[in-house]
Amino acid sequence: MEKLDFTASVLPCSARPLIFDENKCIGCNRCAAVCQVDILIPNPVKGRPPVVLYPGECYYCGSCVMECPSKGALRLEHPLMNQAKFVPLKESRRTLREEAPPDYETVERITREAFWNKHEPGCCEHYLVHQMRAHKDFVRELDTVALDNETIAGNIMYTRAKIAGDDGRDYEVLCFGPLTVLPGYQNKGIGRMLVEYTKEKAAAMGFRAILICGDPCYYSRLGFVPAENFGIGNDQDMYADALQALELYDGALCGCAGRFVESEVFDMDMSGFEAYDSHFPQKDKKTGLPSQKRFLEVAGSRRPR
Ligand SMILES: CC(C)(COP(=O)(O)OP(=O)(O)OC[C@H]1O[C@@H](n2cnc3c(N)ncnc32)[C@H](O)[C@@H]1OP(=O)(O)O)[C@@H](O)C(=O)NCCC(=O)NCCS
Ligand code: SF4
Ligand code: SF4
């Protein structure tokens, strides 16, 4: 078959929908690959941004910007007429501070909202929060709330725990939980902010390490590693995928192999739970949710130490 050669050249147009920052663009041309209306064609010169062939046909879907792996390399320049229609979003102001008594009710409510049906039908983490503050192992200085403008959107609470060392010594460590971000505010970095802020504070207070039970997919992003790496198992002397550790200084857990023993506050007295929970709005309990299956999968992944 005869091979036809086509030459494409940029059509003159007053619209200039895309602005490339050539210092940031790595020339991967992924933006060209996702454009549904073929406005962009890959640049024949390797490492350069694609050529904007039909600028006037861009409908400003933003796919190219979302696909771009290099932040700031590409931005959309809406036509003046459209720019006038957009009202800038009110910038949200995030703050962190210690929890105070007037926050207690709200924190328990957001905890219930975040954990409801997450790990099991319903939840009892809000009752744990309610009991934890009065417990001897509770670390008040690290009990932190995150505010999005004036709304309490997240909370983290810490208790003292220990590693019962194989050498017969006890090593004091911290454990956090519940860690809560109100649905609607999740996946916006609030959980990360709470962990990072309190981890620095805990280090400054002289603590050795933080050990937690949770989903490794989430906590590995925050610097946690399997506690198994340090020879630490759970209280039943099992290595558990859910058990993860974060050293607060280099080598903090070296020589601390043993069993992790969390505060007794987690052995909850549930006798008053129903009466306590009845003060909250009625919510449906659900079974078989993906998050519940994931919880069982992570919790069940353990082997003898
Ligand atoms: C889990 C929880 C605290 C995370 O807080 P968040 O503010 O939503 O999370 P962040 O926005 O800080 O997420 C931090 C990172 O983890 C990722 N992430 C969030 N949830 C995740 C999950 N369940 N699995 C894997 N990764 C996850 C985010 O994409 C983000 O990654 P990035 O920084 O690379 O973009 C929050 O979703 C929550 O309260 N969930 C319900 C209660 C709960 O399960 N608490 C933890 C009990 S162990
Ligand atoms: S905004 Fe949409 S239509 Fe315009 S160039 Fe990007 S991907 Fe193509
Ligand atoms: S996706 Fe981003 S980095 Fe890649 S070519 Fe397009 S603008 Fe450049």
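Domain bounds, as used below, come from an automatic or database domain assignment. The structure is a predicted model.

**Exercise 1. Determine how the chain is divided into domains and how far apart the domain centres lie.**

Solution. Step 1: the assignment gives domain 1 as residues 18–83 and domain 2 as residues 94–304. Step 2: the C-alpha centres of domain 1 and domain 2 are separated by 43 Å.

**Exercise 2. Compare the radius of gyration of the chain with that of a compact globule of 305 residues.**

Solution. Step 1: for a compact globule of 305 residues, a radius of gyration near 19 Å would apply. Step 2: the chain has 26 Å instead. Step 3: along the principal axes, the C-alpha atoms fill a box of roughly 80 × 45 × 40 Å. Step 4: buried residues make up 29% of the 305 in the chain.

**Exercise 3. Describe the largest nonpolar core and identify the strand that gives the most to it.**

Solution. Step 1: the core holds 50 residues, and those touching the most other members are Val173, Leu174, Cys175, Phe176, Ile210, Leu211 and Ala245. Step 2: among the elements that give two or more residues to this core are helix 4 (104–115), helix 6 (190–204), strand 7 (151–165) and strand 9 (209–213). Step 3: strand 8 gives the most, with 7 residues. Step 4: beyond its neighbours within four places in sequence, Cys175 contacts Tyr158, Thr159, Ala161, Ile210, Leu211, Ile212, Glu262 and Ser263. Step 5: another core lies apart from the largest one; it has 13 residues, including Cys31, Ala32, Cys68 and Leu74.

**Exercise 4. Characterise the surroundings of ligand 2.**

Solution. Step 1: there are 15 residues around ligand 2, of which Cys35, Cys58, Cys61, Ser63 and Cys64 come nearest. Step 2: by class, the shell consists of 13 nonpolar residues and 2 polar ones, with no charged residue.

**Exercise 5. Locate Asn23 and decide whether Asn23 is buried or exposed.**

Solution. Step 1: Asn23 belongs to the loop that joins strand 1 (18–20) and helix 1 (30–34). Step 2: a residue counts as exposed if 12 or fewer other C-beta atoms lie within 10 Å of its own. Step 3: Asn23 has 8 other C-beta atoms within 10 Å and is therefore exposed. Step 4: from C-alpha to C-alpha, Asn23 lies 41 Å from Glu2, although the two are 21 residues apart in sequence.

Technical notes: Residues numbered from 1 in each chain as written. Chains lettered and ligands numbered in written order. Predicted model: local features only at pLDDT ≥ 70, side-chain atom pairs only at ≥ 80, totals over all residues. Rg over C-alpha atoms; globule rule 2.2 N^0.38 Å. Buried ≥ 20, exposed ≤ 12 C-beta atoms within 10 Å, placed from the backbone. Near = placed C-beta within 6 Å. Nonpolar A, V, L, I, M, F, W, Y, C, P; charged D, E, K, R; others polar. Core = buried A, V, L, I, M, F, W, Y, C linked by C-beta atoms within 7 Å. Helix = DSSP H or I, 4+ residues; strand = E, 2+ residues; numbered from the N terminus. Contact = placed C-beta atoms within 7 Å.
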